[in-house]
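Work through the exercises below with the sequence and the coordinates open side by side, and try each task before reading its solution.

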Amino acid sequence: MSSIPYNAENGNEISNSVTNFMTQFQIGKLLFKCNAGKAKGIPVIEVFRYLFCLIFSDRSMYMQRKTGIFDGSFCKNTVYRFLNNAKINWFRFTTLLSSRIINDFMKPLTDESRKDVFIIDDSLFDRSRSNKTELLAKVFDHCSMKYKKGYRMLTLGWSDGNSFVPINHRLLSAADDKNLLCKAANFDGRSLAGKRRKESRRKATEVLIDLIKAAQSSGVSAKYVLFDSWFSSPKTISALKTDCKLDTIAMVKKSSKIKYGYQDGRYNIKEIYKQCKKRRGRSKYLLSVDVTVGDEAIPAKIVCVRNKSKKKDWLAIISTDTAISAEEIIRIYGKRWDIEVFFKTCKSYLHLVKECRSLSYDALTAHVSIVFARYMMLAVTQRCNTDDKTICELFFRLMDELDDITFNQSMRIIMDALMDAVMEYFHITEQQLEEFTASFVQRLPKYMQKALECSSAAA
């Protein structure tokens, strides 16, 4: 499935949902704040709404005009001028919109003690069929392990364990001239367009810090920053701790060049792993050691776990918050998967890559921001459909907040399904089932037994 189907029956429902979303979060005012206002002519909000809703139609703008079903009050050049407008600050628009959704809608639904997180990751913005797109570059794809034509879409998101909201992005080109395929258009370096193009040539680790600072300045806060090993370096971790006042939970890069302070010496992660005694049995993690990071000697904790895809391999997770347990570090890092789901949804269902074929870097930036806004609407709608606290103030007072990522609940569901299957296929008595269940539970690891006891007590 590559598109969201549209038909006459759900057309009104979609239109109402879009209208409510734009009204609730004042999209028109946000566009005006970001230099997208007009004194006369076609209102900007109409053009934005058309592009926003284009995903829910089964035809592109070209096919709509060709088949005569285009019902807009503007011509196609109006749309192109809107997308190519170099003066619109799309980065600010995305940040302001996400800030309103997170602070005014998401956070009031959750307890202050919940560990919300920033998540940083990048994904390939593929332009394999392009040759003349502005700032096109050869980009290394982590999935195929090959170089492809396109951009690195560096994305910052926020998650509370149930809902993911994209905060901002940057389409990064090549920092090295030898990987740059097309040059940038000429703009004054002091202008918004000039700064946007200059930033696209910077390193991802440098842009990462700026994205988080911009989010914090707009009022978005979180307790931790999560990212994988591609961004995990002592320099980045130290900058987040000292400049942004944020703790990091990240996958450790198994590099012999990256060393940590451990027992009055400096060792890489492989050397630390060899020196330490590992936990035996079916423990959830292999070892947990205290280290220091960077020249500032920032205290941190490294937790090593088994690699499920390779039995003889292991993975390491580092946390600059040494007060939390190893199990909590593993659990919080699991929230990083939300951004992978976000990338998959945007590419497969929201037409992130295939919808816009413009050669302008400004138009591509505008298109990505519109796709992010679509995902924000889906995140709000999904939360409204699953969280009873969004119905009215009475439900807000009486209903409990949605659970975070819970292992206990998953174990109870698996056990119930297993017992039902045993009863159905083997036709055993209730007493035999109880004996079988008790014997099965005794063979499980201690943390699974504890999870089943907690879920049974809660039920």
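**Exercise 1.** Is A215 buried or exposed? Place the residue in its secondary structure and list its contacts.

Solution. The model is a predicted one, in which local features need pLDDT of at least 70 and side-chain atom pairs count only at pLDDT 80 or more, while totals for chains, interfaces and linings use all residues. Residues are numbered from 1 along each chain as its sequence is written, and side-chain values use heavy atoms, with hydrogens and water left out. A215 lies in helix 8, residues 204-217, where helices (H or I, at least four residues) and strands (E, at least two) are DSSP runs numbered from the N terminus. With a relative accessible area of 0%, A215 is buried; buried means under 20% and exposed over 50%, with partly exposed in between, for a 1.4 Å probe and protein chains only. Leaving aside residues up to four places away in sequence, A215 touches T95, F118, L156, I167 and V220, contact meaning heavy atoms within 4.5 Å.

**Exercise 2.** Which residues of strand 9 are on its covered face, and which are on the uncovered one? Then describe its pairing with strand 10.

Solution. In a regular strand, side chains alternate between the two faces of the sheet. In strand 9, residues 287-293, the covered face carries L287, V289, V291 and V293, and the uncovered face carries S288, D290 and T292. Strand 10, residues 298-306, runs antiparallel to strand 9 and is joined to it by seven bridges; two strands pair if DSSP finds at least two bridges between them. Within this pairing, V291 has A300 as its bridge partner. The two strands, strand 9 and strand 10, form a hairpin with four residues between them, and G294 in the turn has a positive phi of about 70°.

**Exercise 3.** How many disulfides does the structure hold? Examine C34 and C276 individually.

Solution. A disulfide is a pair of cysteine sulfur atoms within 2.5 Å, and the structure holds zero of them. For C34, the nearest cysteine sulfur is that of C356, 19 Å away. The sulfur of C276 is 7.7 Å from the closest cysteine sulfur, in C304, which is too far for a bond. C34 is buried, with a relative accessible area of 1%, and C276 is buried at 9%.

**Exercise 4.** Which residues have the most contacts inside the largest nonpolar core?

Solution. A nonpolar core is a set of buried Ala, Val, Leu, Ile, Met, Phe, Trp, Tyr and Cys residues joined through side-chain atoms within 4.5 Å. The largest has 125 residues, and those with the most contacts inside it are F21, F48, L97 and F118. Helix 13, residues 361-386, contributes the largest share of this core, 14 residues.
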